[in-house]
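The following is a walk through one protein chain, from its overall division down to single residue pairs. Keep the sequence and the structure in view while reading.

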Amino acid sequence: MFQKILVANRGEIALRIICACKELGIPTVAVYSQADQDSLHVRFADEAICIGPPKSSESYLNIPGVISAAEISNADAIHPGYGFLAESAYFAEVCEACGLTFIGPSPEVIQLMGDKDAARRAMKEAGLPVLPGTGKLQGPASAIIPQAEEIGYPVILKAVAGGGGKGMRIVDSSPELAAALEVAQSESESAFGSSEVYLEKYLPAARHIEFQILADHHGTVMHLGERECTIQRRHQKLLEEAPSSYLTREMREAIGNRVVEAVRAVNYTNAGTVELLFDDLHNYYFMEMNTRIQVEHPVTEMITGLDLVKEQIRIAAGEKLAYRQEEIEFRGHALECRINAECPDTFLPSPGKITAFHPPTGIGVRVDTAAYTDDVVTPYYDSLIAKVITHGKDRLEAVRRMQRALEMTIVEGVKTTIPLHQRVLQDHDFLTGRISTRFLERWTTSGAKK
Ligand code: ADP
């Protein structure tokens with residue numbers, strides 16, 4: 001097992017990783033920017049090293065800074081969390097070259113899945129259905145229009161290097177294509193440093209359902225069921241649940257097995273997530289694979305009783321998965337609401353000082369957060385303040401528990417997404433499971449982005 005783990009992240013996920021390390025008896029090293037010196041990950045890690053100014057490009061994304069911190073502190077492994085360096089194949093390679101274990105899959109698989117076009121091709125080859133689409137687009141709009149027409153409108157332009165819903169544009173007809181292409185390319189260039197985009201058939205009433213995978217270095221690959229992540233704003237997840245009420249037990253087993261075989265075919269190791277889109281006839285299609293721990297991993301933990309971060313660490317240390325697929329049991333239902341510091345109507349960030357903070361408590365409630373009273377939400381990073389997770393014997397109990405948990409959450413000083421979640425949790429269509437990724441557009445036009 002590792003002697004010391006450096007946590008290359010901040011906020012709730014850094015704390016989450018520190019929790020897992022403490023339970024495994026592994027000392028931790030936090031890295032932090034000058035904006036985060038009073039953060040809880042700095043306080044609860046065994047050691048902490050400042051790696052630069054507030055801007056993430058100069059701190060949390062500063063590879064030499066992170067590697068030096070690992071060397072100075074004698075850490076032998078790095079957990080990247082999600083975001084920042086988590087899906088950088090280059091960073092994973094540098095870790096390897098410096099004799100540090102990167103807690104995640106191999107650089108080759110990260111590279112493959114980071115190129116959405118290559119990932120689509122690999123997963124199609126490995127037996128998963130994909131939506132009709134193109135490879136990387138080349139040439140002017142006039143050359144692309146025939147390809148879009150062949151797929152059939154609506155289509156969606158997506159960034160090859162995509163993430164966080166950026167660089168995507170829905171196109172309903174040929175005259176719209178040129179302008180949409182320009183926007184998608186420039187958004188992709190500024191977010192990912194690459195303007196490469198591709199086209200895919202757009203499913204107007206889709207559900208986003210993803211499978212959690214664990215794979216060790218001894219050939220065992222398994223799935224831990226699915227998460228329903230259909231409630232989104234601007235193609236970004238807001239509320240997640242497990243299991244999905246859209247799948248029967250038989251579907252879960254059948255799709256889970258196909259996903260496991262596809263992941264095995266690309267030699268995947270560690271934790272990962274295969275994201276699928278479902279249409280209204282239960283057809284499903286591979287969308288992308290995330291090669292890291294996901295924000296919404298707690299809902300899977302609540303229904304399986306497993307600790308995914310500990311599993312990641314054990315797998316990276318070369319241990320075998322300690323159970324078989326047949327031993328994974330799903331108990332009850334879990335929901336997660338992402339509490340962001342943002343305006344619930346416009347989704348614009350709302351940075352500032354949290355003047356009062358009281359997370360909800362009580363039976364069946366889990367809160368993953370690094371926030372506290374007088375903590376400052378800075379404009380430099382993601383606006384996630386807390387994840388409120390509830391678990392109940394069934395969906396209704398989990399929903400009722402979430403309703404009362406949010407009512408008993410105090411966050412003052414910044415605007416939050418809590419009112420939006422409360423509205424969703426009372427909506428008849430949500431309660432009866434009639435949802436699609438455009439669910440929120442009924443209340444706000446900013447849910448849609450063309
Ligand atoms: P990112 O990596 O930026 O998160 P994804 O490929 O995971 O991008 O897609 C994010 C969301 O965008 C999906 O959950 C879904 O709501 C929407 N989306 C992406 N592709 C399609 C599609 N072909 N049809 C309908 N919705 C889509």
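In this predicted model, the centres of domain 1 and domain 2, taken over C-alpha atoms, are separated by 35 Å. The domain assignment places domain 1 at residues 5-103, domain 2 at 132-201 and domain 3 at 207-442.

Begin with the parallel sheet. Five strands make up this open sheet, and their order is 3-2-1-4-5. The edges are taken by strand 3 (47-52) and strand 5 (101-102); each has a single partner strand, so one side of each has no neighbour in the sheet. For strand 3, pairing with strand 2 (residues 28-33) is parallel and runs over five bridges. One position to find there is S33, whose bridge partner in strand 3 is G52. Helix 3 (residues 63-73) packs on this sheet and touches strand 1 (5-7), strand 2, strand 3 and strand 4 (77-79). The direction of helix 3 makes about 150 degrees with that of strand 3.

Now turn to strand 12. Is strand 12 (residues 270-278) mostly covered or mostly open, and how many of its residues are buried? Strand 12 is mostly covered, with nine of its nine residues buried. Strand 9 (residues 207-215) pairs with strand 12 in the antiparallel sense, over nine bridges. Strand 13 (residues 284-290) is also antiparallel to strand 12, and six bridges join these two.

F278 appears in both pairings: F278 is the bridge partner of R207, and F278 stands opposite Y284 in strand 13. The hairpin of strand 12 and strand 13 has five residues between the strands. Within that hairpin, H282 takes a positive phi near 70 degrees.

Methods:
Residues are numbered from 1 along each chain as its sequence is written. This is a predicted model: local features need pLDDT of at least 70, side-chain atom pairs count only at pLDDT 80 or more; totals for chains, interfaces and linings use all residues. Side-chain values use heavy atoms; hydrogens and water are left out. Buried means under 20% relative accessible area, exposed over 50%, partly exposed in between (1.4 Å probe, protein chains only). Helices (H or I, at least four residues) and strands (E, at least two) are DSSP runs, numbered from the N terminus. Two strands pair if DSSP finds at least two bridges between them. Domain bounds come from an automatic or database domain assignment. Contact means heavy atoms within 4.5 Å. Axes are lines fitted to C-alpha atoms, for helices over the stretch in contact, and angles run from 0 to 180 degrees between N-to-C directions.
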